[in-house]
Amino acid sequence: MEPRFDLMQSPTAAKVAKRFFNAALPLDQSTLPKALRELVQLRVAQINDCGFCLDIHSKEAAAAGESTLRLQLVAAWRHTTVFTDAERAALALAEEGTLLGERGVTDATWAAAREHFDDDEIGALVCTIALINASTRMNVIVHNPGGSYEPGMFAAYAD
């Protein structure tokens with residue numbers, strides 16, 4: 001698949017990309033672990049078939065200490081023994097929050113997430129899911145390819 005358009009060539013889209021990066025920075029100060037945020041973003045990227053985001057979040061998850069085994073199994077997390085109940089709740093929320101048109105986020109999934117995450121963590125989780133969904137959609141639309149990301153390379157976008 002050939003890239004359709006480099007969003008960074010559009011002054012407007014480049015400004016939005018920078019703001020997206022900066023909008024996510026407060027998540028680094030939340031108590032929601034970075035490795036869990038990366039797993040959630042990886043799962044959303046898988047669902048949305050975004051190679052660019054898969055590249056980013058698999059590498060960032062590894063840099064945050066995730067094992068190769070867990071990275072390989074995140075797509076089938078329900079059928080593994082390597083994720084905690086809290087991680088399972090977060091991954092379920094990510095899936096339902098991504099596939100909103102099917103049924104939305106069920107009360108059971110929300111209750112499971114609330115069982116494991118305090119107000120700040122659930123807020124950070126919801127924001128992580130929303131931001132990665134927007135990002136995957138932008139990258140899929142323009143066929144932004146994965147494969148060349150290096151951890152931390154977007155730090156230049158920080159204000």
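Arg-37 is buried in this predicted model, with a relative accessible area of 6%. The side chain of Arg-37 meets that of Asp-28 in a salt bridge, at 3.1 Å from N to O. Asp-28 is partly exposed, at a relative accessible area of 44%. Side chains of opposite charge can pair when their charged atoms come close. The structure holds 11 such salt bridges, and a few of them are described further below.

Arg-37 is one of the buried residues of helix α2, so the helix itself comes next. Helix α2 has 14 residues and reaches 20 Å from its first C-alpha to its last. That span is close to the 20 Å expected at 1.5 Å a residue. Of the 14 residues of α2, 11 are buried, so the helix is largely enclosed by the rest of the structure. The buried residues include charged ones such as Arg-37, Glu-38 and Arg-43, along with Leu-36, Leu-39, Val-40, Leu-42 and Val-44. Which elements cover the buried residues of α2? Among them are α3, α4, α5 and α8.

Just after α2, the chain reaches Asp-49, which takes a positive phi of about 60°. Asp-49 has this positive phi although it is not a glycine. Asp-49 sits in the loop between α2 and α3, and it counts as exposed at 65% relative accessibility. His-143 is another residue with a positive phi of about 60° that is not a glycine. His-143 lies in the segment after α8.

Helix α2 is also joined to helix α3 by charge. The side chains of Glu-60 and Lys-34 meet in a salt bridge, at 3.7 Å from N to O. Glu-60 lies in helix α3 and Lys-34 in helix α2, so the pair ties together parts that are 26 residues apart in sequence. Are the two partners buried or exposed? Glu-60 is buried, with a relative accessible area of 11%, whereas Lys-34 counts as partly exposed at 33% relative accessibility. The pair belongs to a network of salt bridges that links Lys-34, Glu-38 and Glu-60. Elsewhere, the side chains of Glu-66 and Arg-70 meet in a salt bridge at 2.6 Å from N to O. Both Glu-66 and Arg-70 are buried.

The nonpolar interior can be followed from Val-40, one of the buried residues of α2. The largest nonpolar core has 22 residues, and those with the most contacts inside it are Val-40, Phe-117 and Leu-125. The elements that give two or more residues to this core are α2, α3, α5 and α8. The largest share, five residues, comes from α8. Leaving aside its neighbours within four places in sequence, Val-40 is in contact with Ala-90, Leu-91, Ala-94, Leu-125, Thr-128 and Ile-129. A second, separate core has nine residues, including Ala-61, Leu-71, Val-74 and Leu-91.

Three of the contacts of Val-40, namely Ala-90, Leu-91 and Ala-94, are among the buried residues of helix α5. Helix α5 covers residues 85-98. This helix has 14 residues and reaches 20 Å from its first C-alpha to its last, close to the 20 Å expected at 1.5 Å a residue. How many residues of α5 are buried? The count is 12 of its 14, and α5 is thus mostly covered. The buried residues include Glu-87, Arg-88, Glu-95 and Glu-96, as well as Ala-89, Leu-93 and Gly-97. What covers the buried residues of α5 includes α2, α4, α6, α7 and α8.

Helix α6, one of the elements that cover α5, leads out to the surface. Leu-100 is placed in helix α6, which spans residues 100-103. Leu-100 is exposed, with a relative accessible area of 51%. Leu-100 joins Val-105, Trp-110 and Val-126 in making a nonpolar surface patch of about 330 Å².

How values were computed. Residues are numbered from 1 along each chain as its sequence is written. This is a predicted model: local features need pLDDT of at least 70, side-chain atom pairs count only at pLDDT 80 or more; totals for chains, interfaces and linings use all residues. Side-chain values use heavy atoms; hydrogens and water are left out. Patches are made of residues with over 30% relative accessible area and no salt bridge: like charges are joined within 9 Å, nonpolar side chains (Val, Leu, Ile, Met, Phe, Trp, Tyr) within 5 Å. Accessible areas come from the Shrake-Rupley method with a 1.4 Å probe; for residues, only the protein chains shown count as cover. A salt bridge is a side-chain nitrogen of Lys or Arg within 4 Å of a carboxyl oxygen of Asp or Glu. Helices (H or I, at least four residues) and strands (E, at least two) are DSSP runs, numbered from the N terminus. Buried means under 20% relative accessible area, exposed over 50%, partly exposed in between (1.4 Å probe, protein chains only). The expected span of a helix is 1.5 Å times one less than its number of residues. Contact means heavy atoms within 4.5 Å. A nonpolar core is a set of buried Ala, Val, Leu, Ile, Met, Phe, Trp, Tyr and Cys residues joined through side-chain atoms within 4.5 Å.
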